[in-house]
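Dear colleague,

I am handing over the structure below, and I would be grateful if you could look through it before reading the notes that follow.

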Amino acid sequence: SVSGRIQKSNLTSLGYTFNQLLSYNRSFGRHNLDLLVGHEYYAYTESSLSGHKTGLPGGGIYELDAAAVIVGTGSSTDNDRIESYLSRVSYSYDDKYYISGSWRTDGSSRFAPGSRWGNFWSAGASWRISQEEFMKDVDWVDNLTLKFSYGVQGNNSVGSYYAYQALYDTSAPNATLPGATLNDVANAELTWESNHNLNTGIEARLFNRLDLSFEFYNRKTLDMLLSYPLPISSGFSGYYRNSGEMRNRGIEFAVTGRIIDRKDMQWSVTWMGATVNNKVLKLTDDGQDITSSTQIIREGETLYSYYVSRSAGVDPMTGEKMYWATDDEGHDYITKDLTEAQNNRVVAGSRIPDLYGSLSTAFRWKNLDFSISTNYSIGGVTYDGVYYEFMSFYYPAQAKHKNLLRAWKKPGDVTDVPRYEIRETPIVSDDKLIDASYFSIKNITLGYTLPKAWTSKIGFKAARISASVDNLYIFTHLKGMDPQYSLTGGTSYDYTATRTVSFNLDLKF
């Protein structure tokens, strides 16, 4: 008798970086000069080989040759290369004035030879105002620095190692001869996305207790790398190309206060925050929208804005879902027709928050230490696809969410959940967008450092015991949803951060 199956695979990843750097530093009097020139080469290769057979003879034999039926074999190799030439120069005078500049050129194997190279640069300056003579008598200001920089950075994260090439699928043979089908559209003009960054800000330390930093940034992205959709009639879903211009603008700040600062007791609190104002400035093809099932990229709107139908609630007499639509004269009316609802979609916000950042505190009393770190995000919306699968009756036997108990059951019921409908074809409407704000307790740690009088007796320089918990809890508007890791919106069957409790013993010899 023959039974069992066996599948073996081997995955090998190899990456290496080759660096050649030449640096020069010279100090003379109040002047300091640093120079750096270099060359970098990065190579990454990933190869895989697999085989799958069934019909093992048993008896503890688990080799591929022993099995009877070949199910499948496969192998692949991916290569990614980038080569860079770089330089940097910085100069400071009297520990008060600083200027710096950099230039680099990068070539990526992800682009065609004719558009493979990109040139990028930056320039910056800072002024330590607190070091000036007119600040010497202002003893409550320990540091005050003004900063400014402008630069251009490159991005080759296009989603594929071979985006500029027409790739073929050879897995469908023509009888006993090899066959190939075209899988991807070639785009030899694909090139680097460039980000033009303006940053200006101020850093300060006051009363030797309060650290402040504030920065304004403006980032303009040219030649955005996007997957551009194609009509179904073309036989392709889309292709990668440089699709337009975008701007991100906002502020970033950090405040750290040492509330208690004594020899045997310290307590500090840090608050960090940032804002993002995102806007699509220009799209190729005369500003034509790029749409998907629930999102849109449109000139003048936020990138990946939600593009959904407008909900008009649930009909209390029939339990049917209702939607708003607009006629040719601009008047709104209610419809139950899904095609009309889809043809009247509107922009209904995006995942980008109004404010996000972190809040942390650290406390120490003698040998005891305690710290808490948290993250937060305020504003923005998201679509939880997993939740609404559980709210669907497309497959009657699949898992359901308890909120389906609110569904319409009889005439006169007033609810936000329509009646059950097997094999329904739901569409996303604005009432299915959930507030993406959250507050996450990332880490709590309690520790105790043993007195030196104890540790010296047992031959250690220092010893500390501690207990900590990571990812303790996240407060969201929908239980089970985790909006932390996506700024494009949407949640799926992804593993959320695991709650971990650990106990540690740190010894120094």
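**Aromatic pairs and their surroundings**

Tryptophan 271 is partly exposed, as its relative accessible area is 40%, and please keep in mind for this and everything below that the model is a predicted one. The partner of tryptophan 271 is phenylalanine 253, and the two form an edge-to-face aromatic pair with 4.8 Å from centre to centre and 75° between the planes. Phenylalanine 253, in contrast to tryptophan 271, counts as buried because its relative accessibility is 16%, which is under the 20% limit for that class. The pair links distant parts of the chain, since phenylalanine 253 belongs to strand β13 (residues 244-261) and tryptophan 271 to strand β14 (residues 265-274), with the two positions 18 residues apart in sequence.

A second pair joins phenylalanine 393 and tyrosine 420, whose ring centres are 4.5 Å apart and whose planes meet at 25°, so this pair is stacked; the cut-off that decides this is an angle under 30 degrees. Both residues lie in the loop between α3 (385-390) and β26 (434-435), and the pair therefore ties together parts that are 27 residues apart in sequence. Phenylalanine 393 counts as buried at 17% relative accessibility, whereas tyrosine 420, at 41%, counts as partly exposed. Phenylalanine 393 has a further contact, as lysine 400 lies over the face of its ring at 4.2 Å from the ring centre.

A search of the whole structure gives 15 aromatic pairs, and one aromatic cluster is formed by Phe111, Phe120 and Trp192. Another charge placed over a ring is that of arginine 241, whose charged end sits over tyrosine 228 at 3.6 Å from the centre of the ring.

**The nonpolar patch**

On the surface, Ile259, Trp267, Phe363, Trp365, Leu368, Phe370 and Leu446 form a nonpolar patch, and together they have about 600 Å² of accessible area. The elements that contribute two or more residues to this patch are β23 (355-365) and β24 (368-378). Leucine 446, one of the patch residues, is placed in strand β27 (residues 438-449) and counts as partly exposed because its relative accessibility is 45%.

**Strand pairing**

Strand β27, which holds leucine 446, has antiparallel partners that you may wish to trace in the model. β27 pairs with β24 over ten bridges in the antiparallel sense, and in this region serine 377 stands opposite tyrosine 438 of β27. Ten bridges also join β27 to strand β28 (residues 462-475), again running antiparallel, and here asparagine 443 stands opposite aspartate 470 of β28.

Elsewhere there is an open sheet of four strands, in the order β16-β17-β18-β22 and with antiparallel pairing. Which strands form its edges? They are β16 (290-291) and β22 (346-347), each of which pairs on one side only. Within this sheet, strand β17 (residues 295-297) and strand β18 (residues 305-308) run antiparallel and are joined by two bridges, with serine 305 in β18 as the bridge partner of isoleucine 296.

With kind regards

Conventions: Residues are numbered from 1 along each chain as its sequence is written. This is a predicted model: local features need pLDDT of at least 70, side-chain atom pairs count only at pLDDT 80 or more; totals for chains, interfaces and linings use all residues. Side-chain values use heavy atoms; hydrogens and water are left out. Patches are made of residues with over 30% relative accessible area and no salt bridge: like charges are joined within 9 Å, nonpolar side chains (Val, Leu, Ile, Met, Phe, Trp, Tyr) within 5 Å. Accessible areas come from the Shrake-Rupley method with a 1.4 Å probe; for residues, only the protein chains shown count as cover. A salt bridge is a side-chain nitrogen of Lys or Arg within 4 Å of a carboxyl oxygen of Asp or Glu. Buried means under 20% relative accessible area, exposed over 50%, partly exposed in between (1.4 Å probe, protein chains only). Rings of Phe, Tyr and Trp (its six-membered ring) pair if their centres lie within 6.5 Å; planes under 30 degrees apart count as stacked, over 60 as edge-to-face and the rest as tilted. A charge sits over a ring if NZ of Lys or CZ of Arg is within 6 Å of the ring centre and within 35 degrees of the ring normal. Two strands pair if DSSP finds at least two bridges between them.
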